[in-house]
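Reader: I have a structure open and many words to learn. Can we go through them one at a time?

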Amino acid sequence: MLKISSSPHINAPITTQSLMRDVLIALTPAMIVSMLMFGINALRVLLTSVAACLAIEYLITRYLLKTKNTTCDLSAAITGVLLAFNLPSSMPTWMILIGAFVAIGIAKMAFGGLGKNIFNPALAGRVFLFISFPAQMTQWPKPDFLNFLNTDIVTSATTLGILKQIDVSSSASIKASQVSLTELPNYWQMLIGDTGGCIGEVSALALLIGLCYMLLRRVITWHIPFYYIATFFILTAITWFNTDNVHFEPITNLLSGGLLLGAIFMATDYVTSPMTKQGQIIFAVGCGILTYVIRFYSSYPEGVSFAILIMNAFVPLIDKFTPQRVYGTKRK
Amino acid sequence: MCKKTFSFGGLHLNKHKISALSPIQDAGVPPFVYIPIKQHIGSPAQIIVKQGDKVKIGTLLAQAYGTISANIHSSVAGEIKKIEEVQSESGYFEQVITIQTTADDYEAGIDTSTQISNDIPQNSAEIIELIKAAGIVGMGGAGFPTPIKTSIPANKSVQYLIINGIECEPYLTADGALMLEKPEEIVIGAKILNKILGIQNAIIAIDENKPLAIEKITQITKRYVGVNVTVCKSKYPQGGERQLINDVTGREVPSGKLPIDVGCVVQNVGTVFAVYEAVMKHKPLYERIVTVSGDTNLTTAGNYRVRVGTPADYLLNLAHTKQSQIGKLLFGGPMMGISSVSLQAPINKTTGGLIVIGTQDSLRAEESGCIRCGKCAEVCPMGLMPFAIASNLRRNNTAPLKALHAADCIGCGCCAYICPAKIPLVDYCKLGKYEANKQK
């Protein structure tokens, strides 16, 4: 008996699972750096977050929705890794569980699961924790290279924290700012991750390796990371030239904080970014502008999470107004 | 040479051109042939023979009927046994003329020699009559009667005649083999079409993975004024009519219009060869080149010269196909071909290939939810948004389909091929096209 179906009769060897697996592979360099820098605590945060995300999705599909188990598509594992990447290594385990619940239970499954959520689940979880537990979320253990079992928490400041301080104090006391300046990590430290911060964001190099891998495997295109980073960089550079304020030093700003993590792994999330290239560019430029505004003109030192979440909310609108040009029709 | 390509979407497919360098073998004459009276777009031809009639190769069996139709000729010598309905590859019962074959015997006037003749008749009307009489239709797959395509309405003008030698579907090599073996005939065919279109600008478009054909035809075009070769990138669907026009001329056929509206006529190389044979050799269209290919565990691959009406299983036997293990038998390529309901379905004028797919590969992968990756829109060569067409249809919302240009879908299959969630997007787009056309 011959089988019949409509064309095409062949399929690309890519599946949702294989795409997600590629993203996890792209996240691996940053995972390794987090463990090298923050030791066993980073491993604890990662494992807790990933296990909790998978477990929550499994429980919800099994007992609440009574639908197919979707954990094998690996998207929950990515959310777990990204949530962990956005937490300091000293984060208490029970708080991570709450974050995972908000990410998967509320931001993802309540909307209908993969493909239907409006907000990036990992960022929703992070922002929930950031607002609920500001003290724990802004305590930054000092990186301790290769001292794997070290669990003593010696805290340090993040690069952006120092910059913000300089900015606030510079008008009052120049001396204070000079003291702080020496605490700033150099470019090399920021590239390899020898600086305070969330466990996944510290090493710019590891994140860029992940970006190259995803571009080579055609998991994402270059548009969102490029336009996001370029917009932010240009705005910062212009302000820096005009004010000569060290707070705006563009390369330090580019390499520090969650900008690269956000631009490469969070803003590019398929589900919560626009479908067409034109829409993606608008989205990315919006993220860049908002990050700039929040970083420099709000009370927060960092604005990537808020910027991406705000732009997430605009995605349906952007999609509506940026259809692709159809062959044989005029450019609008 | 600068390689051209189209500006929207497209895919780089694994080509699987297993039979690319296989010479064309004669498939011979099966004991029975089943000649369908509708092998083209338009109305079926009208049967002018009856049971018991003796026919020769090239005898007219059915006459074109209505404005869009084509003559059907006998591909064998023999006796008409039955006029019956059999299942075509698409599953519909269609009227066929069943002929029991005897030894080859040609109608008077058909020149069966392979000697090249390039003494093109002077009178265009005479040429068009010859093409019409020979029952030539577009052999790239659509089967649009050629004489209609080459009769240009008074208010339109032609600047380009594009000869489509791309063959971008995986596995298929019939056009490639024809270009290797009959390059001069194709060039003369292009000259003939130039003549009736009143232009001196035929462009034979060949894609870069056929270097031998490019070389041969380029050599020959040096001796013929008004015929040139353009090399295109190997990209699917480079051979789509609208994509090819975009490559060669940079023009876009406006939505809802025809190639002639931008001054282009596109003909497949197989069709051009048939035009040569009709005009120079007085030979009606009763045979064509067919590739047999596919899963190499199930079949050998090759190119065959096949009489129209030959049942598919006769040809599969020649290629040593393990017929019991076939999952899907495709008439045409794997991206746009039709999966046949029957192993006995007859080869017709538009069948470029029989592709054999194993049982395992014939199953559709399980569908999961759309992850909004946008890859379908990225690869669509028409710039459509298949995800939007599908999601609207799922909600029974047909109103936006027209604005989404669902009617412009060419059915190339890129979207469904690339979809990681394995959503049958082409099915949705075909339905969308139907719904959008209803709204006109």
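Reader: How far apart do the C-alpha centres of domain 1 and domain 2 of chain A lie?
Author: They lie 21 Å apart. Keep in mind that this is a predicted model.

Reader: Where do these two domains of chain A run?
Author: Domain 1 of chain A covers 16-137, and domain 2 of chain A covers 159-320. The bounds come from an automatic or database domain assignment.

Reader: How many residues does each domain of chain A bring to the contact?
Author: Domain 1 of chain A brings 32 residues and domain 2 of chain A brings 29 residues. On the domain 1 side, α1 (16-38), α2 (40-64), α3 (75-85) and α5 of chain A each give two or more residues. The largest share there comes from α1(A), with 12 residues. By class, that side has 24 nonpolar, six polar and two charged residues.

Reader: What makes α4(A) oblique to α5(A)?
Author: Start with the angle. Helix α4 (residues 93-108) of chain A and helix α5 (residues 121-132) of chain A have axes that come within 8 Å and cross at roughly 135°. Roughly perpendicular ends at 115 degrees, and roughly antiparallel needs an angle over 145. The crossing of roughly 135° fits neither class, so α4(A) is oblique to α5(A). The crossing is right-handed.

Reader: Which residues of α4(A) and α5(A) meet?
Author: From α4(A), they include A:M95, A:I98, A:V102 and A:I106. From α5(A), they include A:P121, A:A124, A:F128 and A:L129. To be in contact, two residues need C-beta atoms within 7 Å. The contact of α4(A) with α5(A) holds 13 nonpolar, two polar and two charged residues.

Reader: Now to chain B. Why are α10(B) and α12(B) called roughly perpendicular?
Author: Again, take the angle. Helix α10 (residues 386-394) of chain B packs on α12(B) at about 70°, with the axes 9 Å apart. The roughly perpendicular class spans 65 to 115 degrees. About 70° falls in that class, so α10(B) and α12(B) are roughly perpendicular to each other.

Reader: Which residues make that contact?
Author: α10(B) supplies B:P386, B:I389, B:A390 and B:L393. α12(B) supplies B:L425, B:Y428, B:C429, B:L431 and B:G432. By class, eight are nonpolar, one is polar and none is charged.

Reader: What makes β1 and β16 of chain B edge strands?
Author: Look at the strand order. Six strands of chain B form an open sheet, β1-β14-β13-β17-β15-β16, with mixed pairing. β1 (24-26) and β16 (338-339) of chain B each have a single partner strand, so one side of each is left without a neighbour in the sheet.

Reader: How do you know that β15(B) and strand β17 of chain B pair?
Author: Count the bridges. Pairing needs at least two bridges between the strands. Five bridges join β15(B) to strand β17 (residues 353-358) of chain B, so they pair. These strands run antiparallel. One bridge matches B:K328 with B:I357 in β17(B).

Reader: Which helix lies across β1, β13, β14 and β17 of chain B?
Author: Helix α3 (residues 174-181) of chain B does, running at about 125° to β13(B).

Reader: How do you know that β3(B) and strand β5 of chain B pair?
Author: Two bridges join β3(B) to strand β5 (residues 60-63) of chain B. The rule asks for at least two, so β3(B) and β5(B) pair. B:I47 has B:A62 in β5(B) as its bridge partner. The open sheet here has the order β3-β5-β6 (chain B), and its pairing is antiparallel. Its edge strands are β3 (46-47) and β6 (72-73) of chain B, and each pairs on one side only.

Reader: How many residues of each chain take part in the contact of chain B with chain A?
Author: Chain B gives 48 residues and chain A gives 30 residues. On the chain B side, β15 (326-331), α11 (414-418) and α12 (425-438) each supply at least two residues. β15(B) gives the most, with five residues. By class, the chain B side has 27 nonpolar, 12 polar and nine charged residues.

Terms used:
Residues are numbered from 1 along each chain as its sequence is written. Chains are lettered from A and ligands numbered from 1 in the order in which they are written. This is a predicted model: local features need pLDDT of at least 70, side-chain atom pairs count only at pLDDT 80 or more; totals for chains, interfaces and linings use all residues. Axes are lines fitted to C-alpha atoms, for helices over the stretch in contact, and angles run from 0 to 180 degrees between N-to-C directions. Helices (H or I, at least four residues) and strands (E, at least two) are DSSP runs, numbered from the N terminus. Angles under 35 degrees count as roughly parallel, over 145 as roughly antiparallel, 65 to 115 as roughly perpendicular and the rest as oblique. A crossing is left-handed if the near helix is turned anticlockwise from the far one by less than a right angle, and right-handed if clockwise. Ala, Val, Leu, Ile, Met, Phe, Trp, Tyr, Cys and Pro count as nonpolar, Asp, Glu, Lys and Arg as charged, and the others, Gly among them, as polar.
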